[in-house]
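Biologist: Before I rely on the labels attached to this model, I should like to hear the reasoning behind them. Please take me through them one at a time.

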Protein chains: 2
Amino acid sequence: MTQRPFEGMKNLLKDAGLRPTRQRLVMARALLEGGNRHFTPEDLHAELANEGLRVSLSTVYNNLNKFTSAGLLREVVVESGKTFFDSNTIPHHHFFDEGTGSLYDIPEDKILIKNVPEPPKGLLISGVDVVVRVVKS
Amino acid sequence: MTQRPFEGMKNLLKDAGLRPTRQRLVMARALLEGGNRHFTPEDLHAELANEGLRVSLSTVYNNLNKFTSAGLLREVVVESGKTFFDSNTIPHHHFFDEGTGSLYDIPEDKILIKNVPEPPKGLLISGVDVVVRVVKS
DNA sequence: ATTAATGCAAAATCTTTGCACTTTC
DNA sequence: GAAAGTGCAAAGATTTTGCATTAAT
């Protein structure tokens, strides 16, 4: 994991074409410093609030979307009605615990996928997502 | 594809522990007669309305959920904020066209998946879903 | 100074629920 | 006639948007 120096966050945002506002710096630090994270907008908003960092919920939503468009985050779809974001943008797969709603990364090269058929005419494969659903045993 | 006889629908529902009401028969016919289908609750509601078959949207939602619990349908999660149902309950995978929102089945045995890692402690694999995202080429 | 971002409240989705009425068993 | 299902309108939950204010270039 690249432990990004504090000052680097500003450049990270600038390089992504995003103005380094206080709110975005706070979000970027929480998300991109340290290890891979899976979270909903609410999760992040609550976490920041807990630390006394106030960023409005709509700004959290708006910026998570901008971060995602800029390639800083990735969206993971595993449950209808909830959006998860993933700070790991390298292609990879997931375990999804249906009971708790927790996600766990599976490195892409751990799973062998072969013989993916040709897509329908006029379409190109943009990505392959594997979700391994798990339940309490 | 098993073309279920008209009368069979009643038994299908009964066998699933669901009272064969007019609304459920109408839904079951639309969904389970003929080939595999992918649809949202809104899709189905509009389709029925088009044919002059009135079933309230809440009843469509409620019954799609009951059908799913009963194993008559399956839920497919590919896009946050939208629930897709699939009348094909046999395990299989999907192409998802991000542009149009269309789903296409991929038979389970077409794709070879190997080396799925052990799930985290205390968890058991309940299913493996592969979504092949495709875009206009 | 210009342009973009924030925060709030309001609106837009999508889905579930409470309850009186109707249908099935 | 008891139990379950329906339909409506209302409530929930999640996400986006309009707009005045504030901050970044």
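**Reasoning behind the labels**

Modeller: This is a predicted model. A suitable place to begin is chain B, where B:D86 of β3(B) is the bridge partner of B:H38. Helix α4 (residues 57–69) of chain B packs on the sheet there and touches β1, β2 and β3 of chain B. The direction of α4 makes about 45° with that of β3(B).

Biologist: How do you know that β1(B) and strand β3 of chain B pair?

Modeller: Pairing requires at least two bridges between two strands. β1(B) and β3 (residues 84–86) of chain B are joined over two bridges, in the antiparallel sense, so the requirement of at least two is met.

Biologist: Why are β1 and β2 of chain B said to stand at the edges?

Modeller: The open sheet has three strands in the order β1-β3-β2 (chain B), with antiparallel pairing. Each of β1 (38–39) and β2 (74–76) has a single partner strand, so one side of each is left without a neighbour in the sheet.

Biologist: Why does B:G34 count as partly exposed?

Modeller: Buried means under 20% relative accessible area and exposed means over 50%. B:G34 has 25% relative accessibility, so it counts as partly exposed. The residue is placed in the loop between α2 (22–32) and β1 of chain B. From B:G34 to B:N65 the C-alpha separation is 21 Å in space, with their positions 31 residues apart in sequence.

Biologist: What makes β7(A) and β7(B) a pair of strands?

Modeller: The threshold is at least two bridges, and β7(A) and β7(B) pair over 13 bridges, in the antiparallel sense. Within this pairing, A:I125 stands opposite B:V134 in β7(B). β7(A) also pairs with β4(A), in the parallel sense over four bridges; there, A:F95 has A:V132 of β7(A) as its bridge partner.

Biologist: Which residues are the closest to the centre of the largest pocket, and which elements line it?

Modeller: The largest pocket holds about 620 Å³ of space. Of its 34 lining residues, A:R74, A:E75, A:V77, A:D129 and B:R133 are the closest to the centre. The elements giving two or more residues to the lining are β2 (74–76), β4 (92–97) and β7 (123–136) of chain A, together with β2, β4 (92–97) and β7 (123–136) of chain B. β7(A) gives the largest share, seven residues.

Biologist: How do the residues of that lining divide by character?

Modeller: Twelve are nonpolar, eleven polar and eleven charged. Asp, Glu, Lys and Arg count as charged, so A:R74, A:E75, A:D129 and B:R133 of the lining belong to the charged class.

How values were computed:
Residues numbered from 1 in each chain as written. Chains lettered and ligands numbered in written order. Predicted model: local features only at pLDDT ≥ 70, side-chain atom pairs only at ≥ 80, totals over all residues. Heavy atoms only, no water. Contact = heavy atoms within 4.5 Å. Axes fitted to C-alpha atoms, helices over the stretch in contact; angles between N-to-C directions. 1 Å grid on protein atoms, 1.4 Å probe; cavity = no way out; pocket = protein on both sides within 12 Å on 5 of 7 lines; lining within 4 Å. Points joined across faces, edges and corners; volume = space filled by probe spheres on them. Buried < 20%, exposed > 50% of the residue type's maximum accessible area, 1.4 Å probe, protein only.
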